[in-house]
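Please examine the sequence and the structure shown below. The paragraphs that follow lead from a single residue to the chain as a whole, and then to its interior.

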Amino acid sequence: MVNKKFYSLLVIAIWLLGCAAGSLPKASKKEIILGKTTFSFDQGTYPSDLDVFPEYHIIPGDVLDVLFQIHSWKPSKKFKIGSGYTVSIKFLDVPELDQTQTVLPDGTIVLPYVGKYKVFNKTIEQITQELKRMYSRILRKPEIYVIVPEFQTRIKALRQDLHTAPRGLSKLITVRPDGYVTFPLIGNVFVARRTIPELNKILNEKYDKILPGLHVDLFLHKHAGSVVYVLGEVTEPGAYQIKKPLNVIQVLTFARGFTHEADLSSVVVFRKHERKIVGRILNLNDTLSLKNNVEFFFVKPDDLIYVPRKRLSSLAQAMREVGNILFFRGWSFGFGYSLNRP
């Protein structure tokens with residue numbers, strides 16, 4: 001069976017030969033070197049010579065692999081008491097004064113002979129030293145120890161939860177359509193459009209605040225795909241995945257060629273940039289006829305390629321047609337005045 005991409009490219013070539021006869025150069029042994037281009041704000045970084053995307057941004061549908069590592073069982077010196085934590089105060093020589101209490105919403109606990117005492121946002125060392133000074137007025141050389149059972153309980157609960165999972169100390173989490181992910185202990189975190197290293201840093205900062213010694217490593221287990229959209233006068237319009245940088249002509253082969261109404265001299269590529277949609281009009285007839293100084297235009301994930309039909313009265317009419325069929329997620333904000341010809 002003939003490869004579909006080869007077949008589609010052959011259809012494009014035949015179509016151009018039939019519609020643009022006389023405009024193609026005569027056969028020559030001279031080679032023509034074609035350059036690479038894209039939108040002005042992405043040139044220099046895309047496409048790369050390595051033929052890969054410069055970085056990957058997390059999108060809804062991605063599956064993240066979160067690996068948990070517990071380096072210690074004791075709170076570090078920077079660990080601070082939070083609201084709702086359980087705090088145990090142990091008096092070595094006077095056990096009848098021992099207290100185990102939950103931190104109240106106002107950040108305090110109630111102690112014998114002292115009354116309300118604020119522990120919120122204090123370290124264990126701070127609390128220990130302050131209580132020794134306070135009780136030294138009542139007891140001779142008080143020996144006081146502060147324990148946070150809640151800290152131990154959270155680690156044990158996390159370990160038990162992860163150990164009972166099929167993946168041990170790791171967890172697979174799918175990015176929701178709203179761009180959020182629910183992580184153990186810290187809850188919902190917005191992850192969409194972040195890179196893996198960026199999100200990994202954010203997670204470790206959040207976990208360090210509640211469980212010092214807990215470290216996470218984040219991996220992309222499965223990606224939802226880098227998608228471009230092809231609309232207009234093509235045989236099979238739709239969304240197509242690309243796994244590396246591709247130019248417009250390569251992407252259009254996925255749509256199995258053009259209809260007889262296609263106008264290849266005014267193909268439009270749209271890209272989101274700084275909360276605007278920027279457009280660029282391409283003349284694919286020039287590209288495929290190997291005219292001087294022609295370049296292949298490279299698309300990026302989430303780009304939209306529109307092939308207009310012939311005899312449109314104006315560019316505004318083309319824009320209206322595109323607006324009528326832009327129903328894809330993420331393309332809901334309005335057009336700017338950035339449409340330009342190369």
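Is Asn121 buried, partly exposed or exposed? In this predicted model, Asn121 has a relative accessibility of 44% and therefore counts as partly exposed. The residue belongs to the loop between β6 and α2. Its phi is positive, at about 65°, although Asn121 is not a glycine. Arg256 is another non-glycine residue with a positive phi, in this case near 60°. Arg256 is located in the loop that runs between α5 (248-252) and β15 (267-273), and its relative accessible area of 27% makes it partly exposed.

The chain as a whole may be considered next. It has 342 residues, of which 40% are buried, and its secondary structure consists of seven helices and 18 strands. Among contacts with a separation of 6 or more, 63% are between residues 24 or more positions apart.

The loop that holds Asn121 leads to helix α2. This helix covers residues 124-135, and its twelve residues should span 16 Å at 1.5 Å a residue; the end C-alpha atoms are indeed 16 Å apart, so the expected and actual spans agree. Its buried residues are Ile124, Ile127, Thr128, Leu131 and Tyr135. Viewed down the helix axis, these residues fall within an arc of 100° and therefore line one face of α2. An α-helix has 3.6 residues a turn, so residues three or four places apart point the same way. The cover over the buried residues of α2 includes the strands β3 (86-91), β5 (108-111), β6 (115-118) and β7 (144-147).

Leu131 of this helix also belongs to the largest nonpolar core, a set of 40 residues. Together with Ile81, Ile89, Phe183, Leu203 and Tyr207, Leu131 touches the most other members of that core. At least two core residues come from each of β2 (63-70), β3, β5, α2, β7, β9 (180-183), α4 (196-210) and β11 (214-222). The largest share, five residues, is supplied by α4. Ile89 shows how distant parts of the sequence are brought into contact: apart from neighbours within four places in sequence, it contacts Asp98, Gln99, Ile109, Leu111, Leu131, Ile144, Tyr145 and Val146. A second core, separate from this one, has 28 residues, including Phe53, Val251, Ala262 and Val307.

The aromatic residues offer a further view of the structure. How many aromatic pairs does a search of the whole structure find? The search finds seven. In one of them, Phe39 and Phe41 have ring centres 5.4 Å apart and planes at 15°, so the pair is stacked. Phe39 is buried, at 2% relative accessibility, whereas Phe41 is partly exposed, with a relative accessible area of 27%. Tyr46 and Phe53 form another stacked pair, with 6.5 Å between the centres and 10° between the planes. Both Tyr46 and Phe53 are buried. Ring pairs also join Phe39, Phe41 and Phe297 into a cluster.

Tyr46 has two further features. Lys300 lies over the face of the Tyr46 ring, 5.5 Å from its centre. In addition, Tyr46 is joined to Pro47 by a cis peptide bond, with omega at about -10°. Pro47 itself is placed in the loop between β1 (35-37) and β2.

Definitions and conventions: Residues are numbered from 1 along each chain as its sequence is written. This is a predicted model: local features need pLDDT of at least 70, side-chain atom pairs count only at pLDDT 80 or more; totals for chains, interfaces and linings use all residues. Side-chain values use heavy atoms; hydrogens and water are left out. Rings of Phe, Tyr and Trp (its six-membered ring) pair if their centres lie within 6.5 Å; planes under 30 degrees apart count as stacked, over 60 as edge-to-face and the rest as tilted. Buried means under 20% relative accessible area, exposed over 50%, partly exposed in between (1.4 Å probe, protein chains only). A charge sits over a ring if NZ of Lys or CZ of Arg is within 6 Å of the ring centre and within 35 degrees of the ring normal. Helices (H or I, at least four residues) and strands (E, at least two) are DSSP runs, numbered from the N terminus. The expected span of a helix is 1.5 Å times one less than its number of residues. The arc is that of the directions from the helix axis to the C-beta atoms. Contact means heavy atoms within 4.5 Å. A nonpolar core is a set of buried Ala, Val, Leu, Ile, Met, Phe, Trp, Tyr and Cys residues joined through side-chain atoms within 4.5 Å.
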